[in-house]
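Thanks for making the time this morning. I would like to walk you through one structure, going from the chains as wholes to a single strand and a single helix, and then to where the chains meet.

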Amino acid sequence: MKVTLRIWRQPGPEADGGFEEHDVDGINEEMSFLEMMDILNDRLVEGGGEPIEFESDCREGICGTCNLVIDGVPHGPQLGTATCQLHMRKFSDGARITVEPWRAAGFPMIKDLIVDRTHLDDIVAAGGYISVNTGSAPDANLMPVAKSVADTAFDAAACIGCGACVAACPNGAAHLFTAAKVAHLNLLPQGQPERYRRVEAMVEEMDQWFGSCTNHGECETACPQSISIDFIAMMNRDYVKSKFKNRRLLSQTN
Amino acid sequence: MDTVLDAKIPEGPLADKWDNHRFSMKLVNPANKRKYRVIVVGTGLAGASAAATMGELGYHVDVFTYHDSPRRAHSIAAQGGINAAKNYQGDGDSIFRLFYDTIKGGDYRSREANVYRLAQVSNEIIDQAAAQGVPFAREYGGTLDNRSFGGAQVSRTFYARGQTGQQLLIGAYSALMRQVAAGSVTMHTRSEMLEVVKKDGRAVGIVTRDLATGEVEAHSAHAVVLATGGYSNVYYLSTNAMYCNATAAWRAHREGAYFANPSYTQIHPTCIPSSDEFQSKLTLMSESLRNDGRIWVPKNPDENRPAGDIPAEDRDYFLERKYPAFGNLVPRDVASRNAKTVVDEGRGVGDLKNGVYLDFSDSIDRLGADTIEERYGNLFEMYERITDENPYKEPMRIFPAPHYTMGGLWVDYNLQTTVPGLFAIGEANFSDHGANRLGASALMQGLADGYFVLPYTIGDYLADWLNTEPVGTDDESFSAALGAVSDRTEMWLSKNGTRTVDWFHRELGKIVWDHCGMERSAEGLEKALSEIPALREEFYADVRVPGSGDTINSSLEKAGRVADFFELAELMCRDALDRNESCGGHFRVESQTEEGEALRDDENYTHVSAYEWGDSGPTLHKEELEFENVTLTQRSYK
């Protein structure tokens, strides 16, 4: 089959970017979308050009490295699927496909289709952990966790940190990412001691870099793990509670 | 040749060695720890857990990853689970049994003391991970669930659906980010290590290239820890992620760290067969699937009915037939080789006849589709996305693929390489899996090294350097390494040949797979040893590396990695040729039993082969393996 790619190129953060068009023929529908991109890059290099820079690592949909907006949709047309797991059989022969980077104020451009997602790590550093030093843990079965709780925590913990939720959001908000991280830990009994400190710190870090949530729900549709926006409601509830629970006297400095 | 390597194994009975050692090692007191700087390269399970733990202890840690985030390391793709000797199921497990299974699974080519320590700390890993909030599978009563895995007859594998590696890595990553926030760990993302820097024979730092800006930087410390994973991508097609490479370990090797057992590679039995020549990687389907899936091929090579229409009497459940005791749960090397045998007989399935069936219909009949979905739902979805076939309705097609490398940098009991001050942990070292790793043991070893071994053994080395400053980055040892990296960058960018780096990588991969893959022969290895240098020469003459060095340049990054793979591939073949026996994942056709099983030669090869780099070729050193607690037998899973 043959497709025509209309693809974003930008030499660097400060440089102007624009679309370039490339025909890619001789591909088959068993290929993944990124294998098709590999072939295009091979041909560009052999023809004396430079490859289009994009990121992808595990190609199993779990590491969260790949990040392409395909025909206006983060990770492309297949629901619940990361870019690397998208296959050419989802496109018709002769298709014209637009490929762009994640676009959000919180993700500064680096080159071509590569952006900087470091602020997601900053949100985790703000409180996305349970403070337990190595070696200080009690026997794992001393703290039973109801199966339904462990399962729901897992649904949130399945987040692969790709940032599609941010790219999909008209406001460039990172609420689904942050909510997934908060809910994973706040649901579990192990996470209770830091529950309200955690949500406050993470939400406030998030607010520094990303937009506000206005309940569009685009994030849930774009999420390759189909993480539910119910977790955002849970995060908001915990955040409001934290403002009561974490109240400090005015003379306290921290 | 034949310098005998000293692994510095502590004295005393097996069960007391680690305790005795912890008592006899030098300690660094808490107030002094903050005077030390330690570099950790890699943020997978081993690197993240080591950096986090050393940060908690008070060391100042600089941690490096070539990814955009520490959470992306390939540990994240591990699916099935992590072993521990908890015996929560009351089915007869114990530390000694986990130790014994691991030694036996490794075909008696691993170090007893290390493996026993691994089994000892395995239980603490589960406690630590559960406390961090890793959402392990639970029973309705709230306790932890277990499943069984290949090479074991007990259920000791803890799991989080089919995403155990991801959840354990998020646990280690969150502990790491906590230390980043606390200021004890400094994170360097998009930084690729390209040299180890040595002064007076010991490791004093590294040189990195910033992948976004191209800046070449020097970093100094009191000690350097490599947690940079394995080298399965030498085969080009493997289950490893696209960026996985051997460069950090290989650069260390060229600076004097011995490379041990390079020929011990693991071919994982359950991967999705390739569909065309442009395939970029192979996808693993967790070994846990073998708990409920039955492996078979048609008896008749000319069979052309769909799987569901083939009656039981025309099917060959070859693992259950040959190995009644372990059945579909034989270790990986045995399962892989048997799959290759039936495919070579022309009985493969699928359009390309390059796979075997992994069939869930009996389990679905017995347990219901819901239970199977609960256990493997995400794996089934992944399979369907890739193949467009529904494994609830028709059997999966699977075939072996390169997956894990047991070989790696040689380390002593303290996980220190032959370069003082340079440590290697996780898959990057060679230590615990012998000639074959059991399923669910990689996560265990990475976290054992990172959480519970290295943070303590490194103190024994650091104690001697109290109140010394790290060697300054203005020292000539650093300027030499910086110059070497810049020169190599220049050299690659001047390559204006006709072929891409990937083309050479694919061709190299074919040679290594054909001659140093699932089966090796003296004839094939000698052929590979003449083909690899020839292809390498062509690579240096005809590769094309476009673009510049001051921005993201994927061709440039790959050129350096593939150059190192060329050298490593040659060493793998040399080692495979030298080891004229079959053991675990290393199968020499010249050395097999009448039934076609791997036949060891304990008299001549009960040793670790560790190679020293030399410009005119490697020098082989040996570490004799002594077994005081297990008896060497022909492995039997019948």
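Let me begin with a definition, since the next number depends on it: two residues are in contact if their C-beta atoms, placed from the backbone, lie within 7 Å. Please also keep in mind throughout that this is a predicted model. With that cut-off, and looking at contacts in chain A with a separation of 6 or more, 70% are accounted for by residues 24 or more positions apart.

Staying with chain A, its 254 residues include 52% that count as buried, and its secondary structure consists of eight helices and seven strands. The C-alpha trace of chain A spans about 65 × 40 × 35 Å along its principal axes.

Chain A is divided into domain 1, covering 3–111, and domain 2, covering 118–245, and the centres of these two domains, taken over C-alpha atoms, are separated by 29 Å. To the contact between them, domain 1 of chain A gives 18 residues and domain 2 of chain A gives 16 residues. On the side of domain 1 of chain A that touches domain 2 of chain A, the classes are 10 nonpolar, seven polar and one charged residues.

Chain B also has a division into domains, with domain 1 at 269–400 and domain 2 at 476–606, and here 31 Å lie between the centres, again taken over C-alpha atoms. The contact involves five residues of domain 1 of chain B and four residues of domain 2 of chain B. On the domain 1 side, helix H9 of chain B, residues 332–347, provides the largest share, four residues, and by class that side has one nonpolar, one polar and three charged residues.

Now to the strand, E14 of chain B, residues 356–359, which has both faces covered: B:Val356 and B:Leu358 are buried on one side, and B:Tyr357 and B:Asp359 are buried on the other. What does E14(B) pair with? Strand E12 of chain B, residues 294–298, runs antiparallel to E14(B) and is joined to it by three bridges, with B:Trp296 having B:Tyr357 as its bridge partner. Strand E15 of chain B, residues 396–405, also pairs with E14(B) in the antiparallel sense over three bridges, and there B:Leu358 is partnered with B:Met396.

The helix I chose is H15 of chain B, residues 522–542, whose 21 residues reach 30 Å from the first C-alpha to the last, close to the 30 Å expected at 1.5 Å a residue. Its buried residues are B:Leu525, B:Ala528, B:Ile532 and B:Phe539, and because they cover an arc of only 40° around the axis, they sit on the same side of H15(B). Those buried residues pack against helix H14 (501–516) and helix H16 (554–578) of chain B, whereas on the other side of H15(B) the exposed residues are B:Glu523, B:Ser530, B:Ala534, B:Glu537 and B:Ala541.

Finally, the contact between the chains takes 65 residues from chain A and 64 residues from chain B. Among the elements giving two or more residues to the chain A side are helix H1 (33–46), strand E6 (109–111) and helix H2 (118–127) of chain A, and H1(A) contributes the largest share, seven residues. By class, the side of chain A that touches chain B has 29 nonpolar, 19 polar and 17 charged residues.

Note on methods: Residues numbered from 1 in each chain as written. Chains lettered and ligands numbered in written order. Predicted model: local features only at pLDDT ≥ 70, side-chain atom pairs only at ≥ 80, totals over all residues. Buried ≥ 20, exposed ≤ 12 C-beta atoms within 10 Å, placed from the backbone. Pairing = 2+ DSSP bridges. Domains from an automatic or database assignment. Nonpolar A, V, L, I, M, F, W, Y, C, P; charged D, E, K, R; others polar. Expected span 1.5 Å × (residues − 1). Arc of directions from axis to C-beta.
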